Amino acid sequence: MHRRQFLSAAALSSAALATPAILRASPRQSEDIRLVGEILRTLHPGLHRYLSPAAFEAGLAQLGERWSAAPDLEDRFLALTGFLASIRCGHSYPSFYNQKRAVAERLFTRKDRLPLAFRWIGDQMVVTENQAEGLWLPKGSVIKAIDGVPPAAILRRLQPLVRADGSNDGKRRALLSPTGADEIETFDVLRGLAYGAPKGGKFNVHFRAPGTSRDAWIDVPAVDLGARKKFIRALDPRSNEPIWQWEMRPDGIALLTMPGWAVYNSKWDWQAWLNERLDSLKGAKGLIVDLRENEGGNDCGDLILARLAAKDIARPKAARLVRYRQVPAALNPYLDTWDDSFRNWGDQVQPHDDRFLRLTRWEDDGLIKPQEPRLTVPMAVLTSPQNSSATYQFASLVKASGLGTLIGETTGGNRRGINGGAFFFARLPESGIEFDVPLIGYYPETREPDAGVTPDIAVHNNAADIAAGNDRVLETAQVLLLKG
């Protein structure tokens, strides 16, 4: 659903450019803030799903005060990030991938990153990979403090800055878990901006290693983006190579690992690749679809459901609402997008109520139709809080249709509805900062809880599992499918 404009790794890793005029403090301090308010009030379809108009205006006023008091780019980026996070929309934030090169250079290439991959398990920070060469800090270690600051305090400070839908804090913790799944890690950027680089270029890490009864302390060097990128596992979705993995295991269960569905610009024929592998499942004991690192993208899961379905699958009914028919001319110069038809919906919208218009563009019967040859193998889908866009919707359809068993953790996203589908990239003239603005709000016809999709079998890996290299979630799915 969400389309990113990727900057190249070379662009982000090269020497910083001279700071252009747009990054310097301007005497017109309120222009950026005025535009933030106008753009969101005019275009954002979920602005008041969780945030009242009064709270929005109060927050905007506070943002304006901070904008004037702290004109540095770093402070403004952090302030805008926190303000947009207060909307509680998982698609509203200053994207790391859509910034102009000068902004990205200054904000994201700093030598202020912790050379560790880890996951938040509750309030625990559990190491999954030590990227500091020659230093003993084994996986499964539980971090007690970084430069004297306990993880719980770090989480309290950073979590309000993280984008997510509604009260789904599991998604916020997932985005703050640097695992190597993203080119630029949310934790790296926000921790660096909030706390700065460590004194002397080294972090003091207080931890408890697995299997030990005493705490330990170690100094680890801060690293920059280039060093961090060496540990990225994610494959480039723009290439013509497969970005998913398929394994037919000796026990007769096929494992399909799908770390991302953002294949908008891919030259790879993913439909043919996936159909070919699904065709090979005749006689298999089951299919496991691992989506735990997958935030979303295209609706790739529809093909899997179509191959499993014996009858039409109806998507949950939701109103597709927008806030405008045509973008005001005064705002257009500050808005980029990949499809200029988003600037004027014209007769593709109809009146809905005093706040919204109903979008009729792309309307269909809402059905996923069966596709032959039909598969009859049982399916298990591994879920996590990362699943917040197309993968959240896929998990919801799997559960509603009964075509698979969800195993893992509650998804991201929100059953009250999300925003997305079409986007503007708003660029502020003074600071040069970009932020993403979703244009379509999805509002369920029935009243739903403020939560993600709960799995059929709730299970997660703990620190001991990480230390031992066990995957409790995957093992649970295997046992289930082998039992039939």
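The sheet in this predicted model is an open one, built from five strands in the order S1-S2-S3-S4-S5, with antiparallel pairing. At its edges lie strand S1, residues 116–121, and strand S5, residues 216–221, each of which pairs on one side only. From one strand to the next, the twist averages 45 degrees.

Let me turn to the S5 edge. Strand S4, residues 202–208, runs antiparallel to S5, and the two are joined by six bridges. To follow the register on screen, please locate Val205, whose bridge partner in S5 is Ile218.

At the other edge, a helix comes into view. Helix H6, residues 151–158, lies across S1 as well as strand S2 (124–130) and strand S3 (142–146). The angle between H6 and S3 is about 70 degrees.

I now move from the sheet to the nonpolar cores. Which residues of the largest core touch the most other members? They are Trp244 and Phe435, in a core of 117 residues. The greatest contribution to this core comes from helix H4, residues 73–85, which supplies seven residues.

Phe435 merits a closer look. Setting aside neighbours within four places in sequence, Phe435 is in contact with Val36, Ile39, Leu40, Leu80, Leu84, Tyr93 and Pro94, and also with Phe424, Phe425, Ala426 and Leu428. Two of these contacts, Leu80 and Leu84, fall within the residue range of H4.

Finally, there is a second core, separate from the one just described, with 11 residues. Among its members are Leu255, Ile288, Leu382 and Ile407.

Notes. Residues are numbered from 1 along each chain as its sequence is written. This is a predicted model: local features need pLDDT of at least 70, side-chain atom pairs count only at pLDDT 80 or more; totals for chains, interfaces and linings use all residues. Side-chain values use heavy atoms; hydrogens and water are left out. Two strands pair if DSSP finds at least two bridges between them. Helices (H or I, at least four residues) and strands (E, at least two) are DSSP runs, numbered from the N terminus. Axes are lines fitted to C-alpha atoms, for helices over the stretch in contact, and angles run from 0 to 180 degrees between N-to-C directions. Contact means heavy atoms within 4.5 Å. A nonpolar core is a set of buried Ala, Val, Leu, Ile, Met, Phe, Trp, Tyr and Cys residues joined through side-chain atoms within 4.5 Å. Buried means under 20% relative accessible area, exposed over 50%, partly exposed in between (1.4 Å probe, protein chains only).
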